[in-house]
Structures are given as structure tokens and as C-alpha cells.
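Take a look at the protein below. This report walks through its rings, strands, cores and charged pairs.

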Amino acid sequence: MRAARSLVLVTLLPVFAGCQLLSSKPVDSTAGLTRLQGELVSDSGKLIFQPCVGQQRYVVSDSATTTLVQDATDMPNTPGKLFADIRGRFVSAKSADAEGEVTVQQLYRLERNSTACKDPNFKLQTVHASGNGPAWEVQAGGKGLILEREGQPNLALPYVEEQAGDGRFSLSTEANNQRIELWVAPQRCTDSANGSVQHLVAELRVNGQVQRGCGYFGGARND
């Protein structure tokens, strides 16, 4: 009888273990982190981040997986403010006239752009992607996507999003006998035209013809 009870207990152990695994909650990789957009300036040998909203300034430092400080140094010195979209751990200063600190965990976008802080479309976008040769741009949001291509009429279309694993996904639609797909994947990407740094690589496929570019998440997506 003891042997039988022992066998039952051993048999049930994997079941209990499976229940524990199923009941465990996924780890939130963004816990304690904040995403903000703003301007980067150099001051007394330090890189300072000034958010689009508010007066608090933050001294920037990189985490083990980011290189924002070096990227800002290498950015082409063209006209326009140095705009950054980052997620990090922000620590405010203890006094109003002092600077806080931010350790950057994710760089979404770094570019020369004097109007990005006032972009009315950013908060509505889930994904933005663009490329060159010829120029193209996709803006996707909750109500559909807009495709702009050099020499072609703009298209406003509904779309379907499909996940492909490892952070990759696609947006696809069909219109006027055209199959249009935007594929994106999490990988550092540098725009060949303006030197901007973005956190997604992108491929636009129209009837099988491929054009490559870069992309980033808009304010309506919290990945």
C-alpha cells in the first residue's frame, strides 16, 4: 500500500508543477521604465535629455545594451534639433535647479528633426516605416494605414496584423488587385538618406517587389 501511495504522489508531481507554470505571470520587461520623447543637447561634456513636455532635464547614460551617447556623437551635423525617442529609468533631481538622470534601456528613434515634438500623428500611430530609392512611407494606426510612394498616388487602407515570433510581425492588405505587405523586425537600422537611427528594420512588399527601410513604434504602441 505504501508503494502504491508513493507511486500516486510521484505521478501527480508533474501535474502540480504544470499548474504552477500555468499560473505564473509573464515578466513585464518595461516595469519601472518610462518612454519619453525630447531633445538631446551637449552641456559641459554631458549629454542632456530635455523632454518635449516639462522643464526637468536628465543626464543621459547608456545601459549595457544601448549606445545612445555614441550615436548622438556620430549623428551627422545637419540643420535641426537632435530628437530622441527613448525608454529608460528616469530619476528626477531633488531640487528644481538640478539635473536628473536617465539610464536608457531602449532607443526607438534618433534623428535631426526640429518639429518631431509637435507631430500630431505620433500618438495615433502604432508603426511608422520608410525607405529610399524610390522614397516610400507607411503610417499605421488603429483606423488603417497610409502608404505614400514616390510617383504613386497615396493609399489609405485597412490592414491585418500577423505575429511571426521573435518580435517580428507583418501588416498586410489588398487593394486594386495589389497585395501590400509591411514586414518589420526588431533590429537596429540606420537610414541611408539622413543617418537617423531606428529600432526596426522594415520591408515593403507590393506585389512581391521588395523595398527596404527602417521603422519605429508610434505612441499608440507600448512595446
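Does glutamate 203 count as buried or exposed, and at what relative accessibility? At 19% relative accessibility, glutamate 203 counts as buried, because the cut-off for buried is under 20%. Keep in mind that this is a predicted model.

**Charged pairs**

Glutamate 203 has a charged partner. Its side chain meets that of arginine 205 in a salt bridge, 3.0 Å from N to O. Arginine 205 is partly exposed, with a relative accessible area of 26%.

The structure holds twelve salt bridges. Side chains of opposite charge can pair when their charged atoms come close. The table lists three of these pairs.

| Basic residue | Acidic residue | N to O distance |
|---|---|---|
| Lysine 46 | Glutamate 99 | 3.1 Å |
| Arginine 188 | Aspartate 71 | 2.8 Å |
| Arginine 205 | Glutamate 203 | 3.0 Å |

Start with the salt bridge of lysine 46 and glutamate 99. Lysine 46 lies in strand β2, and glutamate 99 lies in the loop between β4 and β5, so the pair ties together parts that are 53 residues apart in sequence. Lysine 46 counts as partly exposed, at 34% relative accessibility. Glutamate 99 also counts as partly exposed, at 29%. Both residues belong to a network: salt bridges that share partners join Asp43, Lys46, Arg57 and Glu99.

Now take the salt bridge of arginine 188 and aspartate 71. Arginine 188 sits in strand β12 and aspartate 71 in helix α2 (residues 68-74), so this pair ties together parts that are 117 residues apart in sequence. Arginine 188 is partly exposed, with a relative accessible area of 46%. Aspartate 71 is buried, with a relative accessible area of 7%.

**Aromatic rings**

How many aromatic pairs does the structure hold? It holds three. A pair of aromatic rings is described by the distance of the centres and the angle of the planes.

In one pair, the ring centres of phenylalanine 49 and phenylalanine 90 are 6.1 Å apart, and the planes stand at 55 degrees, so the pair is tilted. Phenylalanine 49 lies in strand β2 (residues 46-51) and phenylalanine 90 in strand β4 (residues 82-91), so the pair ties together parts that are 41 residues apart in sequence. Both of these phenylalanines are buried.

Phenylalanine 90 has another ring partner, tyrosine 58. Their centres are 4.9 Å apart and their planes stand at 85 degrees, so this pair is edge-to-face. Tyrosine 58 lies in strand β3 (residues 58-62), so the link to β4 spans 32 residues in sequence. Tyrosine 58 is buried too, as is phenylalanine 90. Ring pairs thus link Phe49, Tyr58 and Phe90 into a cluster.

Charges also sit over rings. Arginine 35 lies over the face of tyrosine 108, at 3.9 Å from the ring centre. Arginine 221 lies over the face of phenylalanine 169, at 4.3 Å from the ring centre.

**Strands and turns**

Strands β7 (residues 136-141) and β8 (residues 144-149) run antiparallel and are joined by six bridges. One partnership sets glutamine 139 against isoleucine 146 in β8. A hairpin of two residues joins β7 to β8.

Strand β8 also pairs with β9 (residues 155-157): three bridges join them, and they run antiparallel. Here leucine 145 stands opposite leucine 157 in β9. This hairpin has five residues between its strands, and glycine 151 in the turn has a positive phi of about 80 degrees.

**Nonpolar cores**

The largest nonpolar core has 21 residues. Among those with the most contacts inside it are Trp136, Val138 and Leu182. Elements giving two or more residues to this core include β7, β8 and β9. Strand β13 gives the most, with four residues. Beyond its sequence neighbours within four places, leucine 182 is in contact with residues including Val127, Trp136, Phe169 and Leu204. A second, separate core of 17 residues includes Met75, Val102, Val104 and Val197.

**Unusual backbone spots**

A cis peptide bond joins glycine 133 and proline 134, with omega about -5 degrees. Proline 134 lies in the loop between β6 and β7.

Serine 44 has a phi near 55 degrees, a positive value in a residue other than glycine. Serine 44 lies in the loop between β1 and β2, and at 69% relative accessibility it counts as exposed. Asparagine 207 also has a positive phi, near 55 degrees. Asparagine 207 is found in the loop between β13 and β14, and is partly exposed at 48%.

How values were computed: Residues are numbered from 1 along each chain as its sequence is written. This is a predicted model: local features need pLDDT of at least 70, side-chain atom pairs count only at pLDDT 80 or more; totals for chains, interfaces and linings use all residues. Side-chain values use heavy atoms; hydrogens and water are left out. Rings of Phe, Tyr and Trp (its six-membered ring) pair if their centres lie within 6.5 Å; planes under 30 degrees apart count as stacked, over 60 as edge-to-face and the rest as tilted. Buried means under 20% relative accessible area, exposed over 50%, partly exposed in between (1.4 Å probe, protein chains only). A charge sits over a ring if NZ of Lys or CZ of Arg is within 6 Å of the ring centre and within 35 degrees of the ring normal. Two strands pair if DSSP finds at least two bridges between them. A nonpolar core is a set of buried Ala, Val, Leu, Ile, Met, Phe, Trp, Tyr and Cys residues joined through side-chain atoms within 4.5 Å. Contact means heavy atoms within 4.5 Å. A salt bridge is a side-chain nitrogen of Lys or Arg within 4 Å of a carboxyl oxygen of Asp or Glu.
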